[in-house]
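Colleague: I am new to this structure and would like a close look at a single part. Could you walk me through the second largest pocket, and then show me some residues elsewhere for context?

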Amino acid sequence: MHIIQMILLISILILVHEAGHFFVARALGIKVDRVGLGLPIGPTLFEKKIGNITYCIHAFLLGGYVGFPDDDPDSPIPLDDPDRIANRPAWQKLAVISAGVISNIIFAYFIVFFVACSTGSLPSGNYEILVNSIQEGKVAAKDAGFEKNDKLLFVNGIQITNPMIFSEIAQRSKKFDGYVEESKILVQIDNIKKANQNITFLDNTKIPTGVEIIVPKAIGEDYIKISPDFYLRKRPMPEGLQLSDKQKDLRNNLENKNKYISDGTLSLYEIAMATADTAHPLSIEVERNGKIIKLNDIYPDEKGIVGIYQTITEIQTPIKSTADLFIRSNEYIIRNTWMMIDGLIKLVIGKVSPDNLHGIVAIVKLGGDTIKQSIWDGLLLTALISIDLAIINLLPIPALDGGYILFILLEKIMRKPLNEEITENISKYCFLFLIGLMILIIFNDIFALLTKKF
């Protein structure tokens, strides 16, 4: 039942998007031929002509469209008809194309306002994070002194108001992160020289083949510090110098070893740099039985995992006035919008694996579970999906609204129409690409469901 409710809510979002295109087009006197819920792939479940417009529902519900005479090569409307969208000024074209995105944004704001008014609060973006249990076999977490129901307060002196803060610092602190600060390299050079006083090392000169070098264990790296609101900003690069692939291989080969036989390809500086890449400690403070307790320093593993299961509860911010209603609603929308944009950028630049790319099946499943817990949380999730739909549609990819906006702007810049055959072919192939991507996402969703990832 809850999954059906989520499907209906997503269908409403699609209708809102297409209604934006439709009503702005009609308000400007632009002819519309068809309005469809779903994509024209497979059978049509419903079709009815009302006036001069055909309304239909397709079996493939993942999408929607507003069809203009310009899209139909067999349309009886003359090519020079002023009511065709192609013959309208650029600002009117932009108004129609962008109306879907704007409708989704307005609808998202309406939902958030409604939830805030109805419940008297909104999620604050700050969280209470409790230790649920320690992962089996994670000795480091046990040695640190974690106990069930510990409330995480600070990591490396930074207040943990969001699970992403703890996760990000743990990831940056992981063993063998591939970055080393210059000061640690210089200390390791001194340590190697002291341990090998019988060898004369020359600056930046390759060590001769066959020379056996004692490599002392490097001192630990420093505590990682980040801005608590890092996820709302451009993420800074890790501090220090980045290891080359050869240095990483050397680092891995020398793990738990204290001797290295030179192959004639590395200098003292490179060996020191490779072996100085260790791990960053985590300094964690928790609240236990009303008291603040500092735990023993802990070192994440190669994957940045500390070894604790967490119970995460978002703290609600009460709405105290009408002005507060607008302020908190804006904060909620803006905060989550930046997080979605950040996630999209990470996906594009390869910092998020395509395996973690999920779509409509995952949304329906997670949304159904959310509605089961609370209808208000389900509505807020719907608002965020509406914002996400707006963001995706603004991407400058032909076959999406952003692609059409790009074509219109290019025509304006070039002061002449683009080649219709070329733009149609680009849109067609991009549409096929999006369909292929959609199939991949659905496959990921089904696999995640079968493997119980969510």
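Modeller: What follows starts with the pocket and then moves on to the rest of the chain. Please keep in mind that this is a predicted model.

The second largest pocket has a volume of about 570 Å³. Its lining is made of 23 residues, and those closest to the centre are Lys175, Phe176, Lys217, Glu255 and Thr278. Sorted by class, the lining holds ten nonpolar, eight charged and five polar residues.

Now let us step back to the whole protein. The chain forms twelve helices and twelve strands, and 41% of its 454 residues count as buried. The exposed area comes to about 25,200 Å², with 60% of that supplied by carbon and sulfur atoms. If you look at contacts between residues at least 6 apart in sequence, 73% of them join residues at least 24 apart.

A good helix to find next is α10, which covers residues 375–393. From the first C-alpha to the last, its 19 residues reach 27 Å, close to the 27 Å expected at 1.5 Å a residue. Many names appear among the buried residues of α10, including Leu379, Leu380, Ala383, Leu384, Ile387 and Ile391. Thr382, Ser386 and Asn393 are also among the buried residues of this helix.

Next, please find strand β1, where glycine 38 has its place. Glycine 38 has a relative accessible area of 0%, so it is buried. Apart from neighbours within four places in sequence, glycine 38 is in contact with His58, Phe60, Leu61, Gly63, Gly64 and Tyr65. Take tyrosine 65 from that list: 27 residues separate it from glycine 38 in sequence, and their C-alpha atoms are 7.5 Å apart.

Just ahead of that strand, aspartate 33 lies in the loop between α1 (2–27) and β1 (34–50). Aspartate 33 counts as partly exposed because its relative accessibility is 22%, and the range for that label starts at 20%. Leaving out neighbours within four places in sequence, aspartate 33 is in contact with Asn52, Ile53, Thr54, Gly67, Phe68, Pro69 and Ser75. The C-alpha atom of aspartate 33 is also separated by 7.8 Å from that of valine 66, a residue 33 places away along the chain.

Three asparagines in loops round off the tour. Asparagine 149 sits in the loop between α3 (139–144) and β4, and its phi is near 75°, a positive value in a residue other than glycine. Asparagine 156 is found in the loop between β4 (151–155) and β5 (158–159). With 3% relative accessibility, asparagine 156 counts as buried, because the limit for that label is under 20%. Its contacts, leaving aside neighbours within four places in sequence, are Ile169, Tyr223, Ile224, Lys225, Pro281, Leu282 and Ser283.

Finally, asparagine 289 is in the loop between β10 (284–288) and β11 (291–294). Asparagine 289 has a positive phi of about 55° although it is not a glycine. Its relative accessibility is 77%, so asparagine 289 counts as exposed, whereas asparagine 156 counts as buried.

Note on methods. Residues numbered from 1 in each chain as written. Predicted model: local features only at pLDDT ≥ 70, side-chain atom pairs only at ≥ 80, totals over all residues. Heavy atoms only, no water. 1 Å grid on protein atoms, 1.4 Å probe; cavity = no way out; pocket = protein on both sides within 12 Å on 5 of 7 lines; lining within 4 Å. Points joined across faces, edges and corners; volume = space filled by probe spheres on them. Nonpolar A, V, L, I, M, F, W, Y, C, P; charged D, E, K, R; others polar. Helix = DSSP H or I, 4+ residues; strand = E, 2+ residues; numbered from the N terminus. Buried < 20%, exposed > 50% of the residue type's maximum accessible area, 1.4 Å probe, protein only. Contact = heavy atoms within 4.5 Å. Areas by Shrake-Rupley, 256 points an atom, 1.4 Å probe, with all protein chains shown as cover. Expected span 1.5 Å × (residues − 1).
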